[in-house]
Amino acid sequence: MTKPIARVLTAVLLMSLWLPAGAAAQLTKLKAAYSAESSWSLATWVAHEGGYFKKYGLDVDLVLIRSAATITSALIAGETPMIQLGGNGTIQAALQGADTVNVMTLVSIIPQSFVVTPDIKTAEDLKGKRFGVSRFGALSDLVIRRYLRKFGLDPAKDVTIVQIGGIPEQVVAMKAGAISGGAMSPPALTVAKKAGFKELADFESLNYTYPAVAIATTRTFVQRQRATALNFMRAEIEGVHAIRTRKEFAVSALRKYMRISDADILEDGYRYALKFIQPRPFPTLDEVRAVLDEFRNMPQAANAKPEQFVDLSLLQELEREKFFDKLK
């Protein structure tokens, strides 16, 4: 070995001794996406802001993709191998032949209240009005139609439903008089109430089990990158735990991603997340059946089995390693 090469090797060795433990470890790069700016995304935001993804070896590029169709397409294309969205989107894609699968259900009820302008006092007042949804086919679209049917109206005939964008944009549209209401979740729900709008029906009144907020991937990704999928889920679960144990930090994440500073609105948003995000986010077959019932007009749904649309093996593996117990 020549002296110059020996000097270089010696220098590299000395530098490595001064590096912090784990600094040289390679993080697995992963692009992930979420579809809604609401409290129901808080576990994912906390996992990212709290460094939990990095704790489990992932360098996650977290992006917002509001359209259910677009975020699902990004998943299928492999652009965002792990996504958070309303679980109906990935079930619909699977019915159409995609290998999408739900691996977690963070919120198992439809977390959106029906909010309307003050002039609407009865079901009859809803007729002929315009109501906003984020996108046709999105969870807000499903919720509005379900609420309208609950009030005895035909969503296709008695009202007009228009695409507005995200939930915050619905509040803006109501203030501008462009729509008479929409389906909203906290903290936008609190913003709407403070602006003088009325919660005509709260989401618990629907009494409807549904994969409202799910973590999804593809079976191909699970087969090829199972360790990465498991680490993503470990970080999510630790994010849920942090919501319960690190309130100030969780509220700060909510403030950052929602771009809201009002303390009352943030408190409401945090309270709803604390109450409804599940610490043990196992998908259930009943919630899948609810989605299949929504798609009953699709021929593929007639003979579909709920087991086709969820993969419980990942959470079961975490349960066997007592991961949930370690967070207590």
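In this predicted model, several secondary-structure elements share the lining of the largest cavity, each with at least two residues. Two of them are strands: strand 3 (82-85) and strand 10 (209-218). The helices that contribute in this way are helix 5 (88-95), helix 6 (139-150) and helix 7 (167-175). The lining comprises 26 residues. Of these, S35, A36, G86, Q112 and L139 lie nearest the centre of the cavity. By class, the lining holds 13 polar and eleven nonpolar residues. Two charged residues complete the lining.

The space enclosed by the largest cavity is about 340 Å³. With a cut-off of 30 Å³ or more, the count is one cavity. Such empty space is revealed by rolling a probe the size of a water molecule over the atoms.

A helix pair was examined next. Helix 11 spans residues 247-258, and helix 12 spans residues 263-276. The two helices pack at an angle of about 115°. Their axes lie 10 Å apart. Helix 11 is therefore roughly perpendicular to helix 12, as angles of 65 to 115 degrees count as roughly perpendicular. The crossing of the two helices is right-handed.

Both helices supply residues to this contact. From helix 11 come K247, A250, V251, L254 and R255. Helix 12 contributes L266, E267, G269 and Y270. Five residues of the contact between helix 11 and helix 12 are nonpolar. Three are charged, and one is polar.

Notes. Residues numbered from 1 in each chain as written. Predicted model: local features only at pLDDT ≥ 70, side-chain atom pairs only at ≥ 80, totals over all residues. Heavy atoms only, no water. 1 Å grid on protein atoms, 1.4 Å probe; cavity = no way out; pocket = protein on both sides within 12 Å on 5 of 7 lines; lining within 4 Å. Points joined across faces, edges and corners; volume = space filled by probe spheres on them. Helix = DSSP H or I, 4+ residues; strand = E, 2+ residues; numbered from the N terminus. Nonpolar A, V, L, I, M, F, W, Y, C, P; charged D, E, K, R; others polar. Axes fitted to C-alpha atoms, helices over the stretch in contact; angles between N-to-C directions. Parallel < 35°, antiparallel > 145°, perpendicular 65-115°, else oblique. Left-handed = near helix turned anticlockwise from the far one by under 90°. Contact = heavy atoms within 4.5 Å.
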